[in-house]
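This report is meant for someone meeting the structure for the first time. It moves from charged pairs to a helix and its surroundings, and then to single residues.

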Amino acid sequence: MADWPYRWVRWPDFRLPASTEDAVDALREAHTRAASERVEIACGGGIGRTGTALAVLAVMSGVPADTAVEWVRTNYHPRAVETRRQRAWIATVASSLS
């Protein structure tokens, strides 16, 4: 068990989170906490789910939704966000953020 606070989101590899509401809530928390402390976003491989989460965080930080995947691929990993469903989920989540 980690020696620091953490939050686990059920999110199968190459898929979408089991609960969009839980995932977005966790990402909002990470975004808020990142203003004053270090946060970590991770998955098993560090590319698909992590890249998808980072794209949503980028949108929360002001990156336009239609360029968030490109931004993450440029600034994090060239293969980040592995599936079409993950890209579609980012767009759906981005349109619901307020």
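Is D22 buried, partly exposed or exposed? In this predicted model, D22 has a relative accessible area of 29%, and because a residue counts as buried only under 20% and as exposed only over 50%, D22 is partly exposed.

**Salt bridges around R7**

D22 takes part in a salt bridge with R7, in which the closest N and O atoms lie 2.9 Å apart. This pair links distant parts of the chain, since D22 belongs to helix α1 and R7 to the segment before α1, with their positions 15 residues apart in sequence. R7 also forms a salt bridge with D25, where the closest N and O atoms are 2.8 Å apart, and here again distant parts of the chain are linked, with D25 in helix α1 and R7 in the segment before α1, 18 residues apart. A further salt bridge joins the side chains of R7 and E29, at 2.9 Å from N to O; R7 lies in the segment before α1 and E29 in helix α1, so this pair ties together parts that are 22 residues apart in sequence.

The table sets out these pairs of R7 with their N to O distances and their separations along the chain.

| Pair | N to O distance | Separation in sequence |
|---|---|---|
| D22 and R7 | 2.9 Å | 15 residues |
| D25 and R7 | 2.8 Å | 18 residues |
| R7 and E29 | 2.9 Å | 22 residues |

The partners can also be described by their accessibility: R7 counts as partly exposed at 34% relative accessibility, D25 is partly exposed with a relative accessible area of 40%, and E29 counts as partly exposed at 32%. R7, D22, D25 and E29 are, together with R33 and E37, linked in a network of salt bridges, and the count of salt bridges comes to six.

The segment before α1 also holds Y6, where α1 covers residues 20–34. Y6 forms a nonpolar patch on the surface with W4 and W8, and together these residues have about 460 Å² of accessible area.

**Helix α2 and the nonpolar core**

Helix α2 runs through residues 48–60, which makes 13 residues, and it reaches 19 Å from its first C-alpha to its last, close to the 18 Å expected at 1.5 Å a residue. Why can α2 be called largely enclosed by the rest of the structure? The reason is that 12 of its 13 residues are buried, among them G48, R49, V56, L57 and M60. What covers the buried residues of α2 includes α1, α3 (68–75) and α4 (84–96).

In soluble globular proteins, nonpolar side chains tend to be buried together. The largest nonpolar core in this model has 24 residues, of which V56, M60, W89 and I90 touch the most other members. Each of α1, α2, α3 and α4 supplies at least two residues of this core, and the largest share, seven residues, comes from α2. When residues up to four places away in sequence are not counted, M60 touches V24, L27, R28, H31 and L97.

**Loops and backbone angles**

After α2 comes G62, whose phi is positive, near 110°. The loop between α2 and α3 includes S61, which is exposed with a relative accessible area of 54%. The C-alpha atoms of S61 and I41 are separated by 15 Å, while these residues are 20 residues apart along the chain. D66 is also placed in the loop between α2 and α3, and at 71% relative accessibility it counts as exposed. Between the C-alpha atoms of D66 and L27, which are 39 residues apart along the chain, the separation is 19 Å.

Most residues other than glycine have a negative phi. Against that background, F14 has a positive phi near 65° although it is a residue other than glycine, and F14 lies in the segment before α1. V81, which is not a glycine, likewise has a positive phi of about 65°; its place is in the loop between α3 and α4, and at 1% relative accessibility V81 counts as buried.

Definitions and conventions:
Residues numbered from 1 in each chain as written. Predicted model: local features only at pLDDT ≥ 70, side-chain atom pairs only at ≥ 80, totals over all residues. Heavy atoms only, no water. Patch = residues over 30% accessible without salt bridge, like charges linked within 9 Å, V, L, I, M, F, W, Y side chains within 5 Å. Areas by Shrake-Rupley, 256 points an atom, 1.4 Å probe, with all protein chains shown as cover. Salt bridge = Lys/Arg side-chain N within 4 Å of Asp/Glu carboxyl O. Helix = DSSP H or I, 4+ residues; strand = E, 2+ residues; numbered from the N terminus. Expected span 1.5 Å × (residues − 1). Buried < 20%, exposed > 50% of the residue type's maximum accessible area, 1.4 Å probe, protein only. Contact = heavy atoms within 4.5 Å. Core = buried A, V, L, I, M, F, W, Y, C linked by side-chain atoms within 4.5 Å.
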